[in-house]
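Subject: Structure for you to look at

Hello,

Here is the structure I said I would pass on. Please open it beside this email and find each part as you read.

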Amino acid sequence: MIDRPFGRTKERVSEVGFGAWGIGRAWWGPTKDKESLAALAEAWSAGINFYDTAFVYGDGHSEALVGRALQGKEAFIATKIPPRNWQWPATPQMPLRDAFPSEWITSCTERSLKKLNRDCVDLTQFHVWTDAWLGEDEWKKAVETLKEQGKIRFFGVSINDHDPDSALELVASGLVDSVQVIFNIFDQSPKKKLFPLCRTHNVAVIARVPFDEGSLTGTLTLETTFEGDDFRRHYFKGDNLKAAVERVEKLKGFLGPETGVSTLPELALRFILAHEEVSVVIPGMRRHEHVRQNVAVSDGKKLGSGLLTALASHAWNRNFYKGWE
């Protein structure tokens, strides 16, 4: 496993991390803790040392599984504080006190530490953000106090879906160690302003949703259905699934001996890792076969410049998260 610097923190993390949303037994349909724990154990054995979770992933269930699997191990663990008003995304009109008052920041951090079975979490992140809060002192003091108390080491934010420009002022302020952002073959918008700014200010980038909630794995078809509480019933509702499948089909032309890429998941991850601003990409891994496939791309092999140029033309300006019922 190849590692990369995590911004200015002087830490190095595996370039492929473990996205722990799917193991939280919420939003992604049925999952088994036994399989999740096996996947976490295999990820650790394979050299993954970065694990991204959040309280809202099953009301702390994902955090508890991560804590159980990594007990006694020196892994880099990142979690997230939900907004107190439970509203996603944050808007410039949303008062900070409604989302992240100091007492909420503190209590959520302490709750996550108990779930993770740790005295200190490496990275805590606000699960939503708007630059309208930048001038507020309350959240800054709360974060600094948690650092002084040894309960957190670093601070970051998870940027609103498909809106990388909503955290530009924060990155430039020097107040944040990392940002987590949607970045994949379809959503390449962070390359325009966010990535150059993060490079200038040495802010770590965590790339999330590398497979566009499953479409870029190439496993979805027009006949695919989603059961139970799988949120993709809404994400791919209406004509969304058809549009995604059609665009993914065009990407299959880049697979084969000429490019040296054999599968769509490999193409998706290698595209992201081709950008040096990315510190770590966090695909979901609910089963051990997912771990093996994802870890395999961390071999130092680079995509050719011609292929990267061609993939740039597949950027897709859309937001399937909007209008959920």
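Below is what was found in the structure, starting with the sheet.

Please keep in mind that this is a predicted model.

The sheet

Eight strands, written 8 in the count, make an open sheet with parallel pairing, in the order S3-S4-S5-S6-S7-S8-S9-S10. Strand S3 (18-19) and S10 are the edge strands; each has a single partner strand, so one side of each has no neighbour in the sheet. As a general point, strands of a sheet pair through backbone hydrogen bonds, and the pairing can be parallel or antiparallel.

At the S3 edge, 2 bridges connect S3 with strand S4 (residues 50-52), and the two run parallel. Phe18 is the residue opposite Tyr51 in S4.

Further along, strand S8 (residues 178-182) is joined to S9 by 5 bridges, again running parallel. Ser178 has Ala204 in S9 as its bridge partner. Is S9 (residues 204-208) enclosed or open? Of its 5 residues, 5 are buried, so S9 is largely enclosed by the rest of the structure. Both of its faces are covered: Ala204, Ile206 and Arg208 are buried on one side, and Val205 and Ala207 are buried on the other.

Aromatic rings

The whole structure contains 26 aromatic pairs. One of them is Tyr235 with Phe320, an edge-to-face pair with 5.3 Å from centre to centre and 70° between the planes. The two residues are 85 apart in the chain, and the pair links distant parts of it: Tyr235 is in helix H8 (residues 232-235), while Phe320 is in the segment after helix H12 (305-312). Tyr235 and Phe320 are both buried.

Both also belong to one aromatic cluster, whose other members are Trp21, Tyr57, Phe186, Phe226, Phe231, Phe236, Trp316 and Tyr321. Arg318 meets two rings of this cluster. Its charged end sits over the ring of Trp316, 4.5 Å from the ring centre. Arg318 also lies over the face of Phe320, at 4.5 Å from that ring centre.

A pocket

The second largest pocket has a volume of about 200 Å³. Which elements give two or more residues to its lining? They are strand S1 (3-5), helix H7 (194-201) and strand S10 (278-281). Lining residues include Arg4, Pro5, Cys198, Arg199, Val278 and Ser279. Ala204, the bridge partner of Ser178, is part of the lining too. By class, the lining has 5 nonpolar, 3 polar and 4 charged residues.

Regards

Definitions and conventions:
Residues are numbered from 1 along each chain as its sequence is written. This is a predicted model: local features need pLDDT of at least 70, side-chain atom pairs count only at pLDDT 80 or more; totals for chains, interfaces and linings use all residues. Side-chain values use heavy atoms; hydrogens and water are left out. Rings of Phe, Tyr and Trp (its six-membered ring) pair if their centres lie within 6.5 Å; planes under 30 degrees apart count as stacked, over 60 as edge-to-face and the rest as tilted. Helices (H or I, at least four residues) and strands (E, at least two) are DSSP runs, numbered from the N terminus. Buried means under 20% relative accessible area, exposed over 50%, partly exposed in between (1.4 Å probe, protein chains only). A charge sits over a ring if NZ of Lys or CZ of Arg is within 6 Å of the ring centre and within 35 degrees of the ring normal. On a 1 Å grid over the protein atoms alone, a cavity is a set of points where a 1.4 Å probe fits but cannot get out, and a pocket is an open set with protein on both sides within 12 Å along at least five of seven lines; lining residues have an atom within 4 Å of a point. Grid points are joined across faces, edges and corners, and a volume is the space filled by probe spheres set on the points. Ala, Val, Leu, Ile, Met, Phe, Trp, Tyr, Cys and Pro count as nonpolar, Asp, Glu, Lys and Arg as charged, and the others, Gly among them, as polar. Two strands pair if DSSP finds at least two bridges between them.
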